[in-house]
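Notebook open, viewer loaded. I want to go through charges, salt bridges, surface patches and odd backbone angles, and jot down what I find.

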Amino acid sequence: NWIKETDKIEKYFDKMKRSISTRRNYYNALLEIGLAMNIFKDRKDNPIQKVRDKYSQEYNDIEDGLKSKKQEENFCGAEIINEKIDEYEKLIKQGTFFWQLKQDPGRAAVILNILQIWMILKVMLRELNFRAEEIATLEFVKDYQPESKKNMVVMDDDGWFISKNKYKTSKKYGELIIPLKGERLRDLKFYHKEVGDGLLFKTARGNPMSSNNLSKYLTSWSNEFLPPVVLEDGSKRLRNCSVNMIVKVFQSDKYGESKKQQSEDSKNRGNNPETMMKHYVSTKKATGFY
């Protein structure tokens with residue numbers, strides 16, 4: 001009966017104060033369930049599809065990169081994350097850092113975690129604006145094999161580059177080649193020297209990191225190291241910043257004030273500049289701080 005009673009679903013969403021994007025995602029899940037159970041013959045002419053499309057349109061009509069009150073609360077200034085990046089960089093590039101790693105196995109996991117979060121925040125998110133799946137599957141490789149359809153940091157003798165093949169808009173743009181030079185190249189070479197070939201990032205147990213693992217990893221990091229959100233009633237809660245939110249923080253800092261069009265950043269992500277401006281750039285000020 002839930003198929004015909006979307007008004008009850010809406011009352012629940014109203015009671016729980018669900019955002020437009022959350023409602024859209026729930027309806028999308030219900031649509032997929034209906035199709036899997038053969039309740040719907042196709043994606044057309046069913047009530048769940050119509051309501052989902054309504055929320056999708058409302059979401060797309062929001063011109064600012066922050067699409068909900070919850071996103072506005074979790075949003076923070078780029079300077080806060082940049083300070084953490086600088087703090088980690090200063091630590092890992094001290095001469096005693098990796099000596100401690102090699103001499104004290106008990107600290108190895110902590111030190112490698114600092115190295116990993118530094119690389120994710122600085123290069124993968126601030127510089128390259130990669131998505132969670134792209135970051136989680138990125139590998140260091142010596143042999144360039146584009147037919148493998150992997151996301152690779154290719155360590156070619158003629159110059160390192162990133163070959164991105166598995167990403168959201170790959171059917172439209174195909175393989176993306178991102179040359180590596182300057183500070184990006186120096187940072188990746190430094191990182192490779194310490195972690196070796198294969199996947200760039202792993203879980204605390206040393207397993208391959210999925211996009212879901214990565215989102216939880218960054219959310220846990222932001223809970224611990226970013227200032228809490230101060231709500232209107234004066235209460236506080238942990239700040240939750242996953243992959244997309246951190247990209248929005250950096251893109252808004254870079255382009256929000258002037259709203260100028262970007263080209264390199266959108267190309268690295270596999271979007272057109274208009275999409276980046278509409279969904280990742282905000283002109284709003286960070287709120288929810290002391």
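First, my yardstick for accessibility: buried means under 20% relative accessible area, exposed means over 50%, and partly exposed is in between (1.4 Å probe, protein chains only). This is a predicted model, so I note that local features need pLDDT of at least 70 and side-chain atom pairs count only at pLDDT 80 or more, while totals for chains, interfaces and linings use all residues. Residues are numbered from 1 along each chain as its sequence is written, and side-chain values use heavy atoms, with hydrogens and water left out.

**Salt bridges**

I looked for a side-chain nitrogen of Lys or Arg within 4 Å of a carboxyl oxygen of Asp or Glu. That rule gives me 15 salt bridges. The background is simple: side chains of opposite charge can pair when their charged atoms come close.

I started in helix α3, taking helices (H or I, at least four residues) and strands (E, at least two) as DSSP runs numbered from the N terminus. Lysine 54 and glutamate 58 form a salt bridge there, 3.4 Å from N to O. They sit four residues apart in helix α3, which means about one helical turn between them. Glutamate 58 is partly exposed at 32%, and lysine 54 is partly exposed too, at 41%.

Next I checked glutamate 134, which bridges to lysine 164 with the closest N and O atoms 3.1 Å apart. Glutamate 134 is in helix α8 (residues 132-137) and lysine 164 in strand β3 (residues 161-164), so this pair ties together parts 30 residues apart in sequence. Buried or exposed, glutamate 134 and lysine 164? Both are buried.

Then glutamate 139 and lysine 150: a salt bridge with the closest N and O atoms at 3.8 Å. Glutamate 139 belongs to strand β1 (residues 139-141) and lysine 150 to the loop between β1 and β2 (152-154), eleven residues apart. Glutamate 139 is buried at 18%, whereas lysine 150 is partly exposed at 35%. I also noted a network, where salt bridges with shared partners join Glu89, Lys122, Glu183 and Asp187.

**An arginine without a bridge**

Arginine 239 caught my eye in the loop between β7 (236-237) and α12 (243-255). Arginine 239 is buried yet has no salt bridge, and the nearest side chain of opposite charge, glutamate 73, is 8.4 Å away. What I did find is the backbone oxygen of proline 228, 3.3 Å from a polar atom of the arginine 239 side chain.

**Surface patches**

My patch rule takes residues with over 30% relative accessible area and no salt bridge, joining like charges within 9 Å and nonpolar side chains (Val, Leu, Ile, Met, Phe, Trp, Tyr) within 5 Å. Glu79, Glu83, Asp86 and Asp253 make a negative patch on the surface. Its largest share, three residues, comes from helix α5 (residues 78-92). Aspartate 86 lies in that helix and is partly exposed at 48%.

Ile33, Met37 and Ile39 form a nonpolar surface patch of about 270 Å². Methionine 37 is in the loop between α2 (20-36) and α3 (47-61), and is exposed at 54%.

**Positive phi**

Most residues other than glycine have a negative phi, and I logged two lysines against that. Lysine 17 has a positive phi of about 55°; I place lysine 17 in the loop between α1 (6-16) and α2, exposed at 75%. Lysine 149 has a positive phi of about 60°; lysine 149 lies in the loop between β1 and β2 and is exposed at 51%.

Methods. Areas by Shrake-Rupley, 256 points an atom, 1.4 Å probe, with all protein chains shown as cover. Lys, Arg positive; Asp, Glu negative; His and termini not counted. Charge placed at Lys NZ, Arg CZ, Asp CG, Glu CD. Polar contact = N/O pair within 3.5 Å; in protein donor to acceptor, adjacent residues only side chain to side chain.
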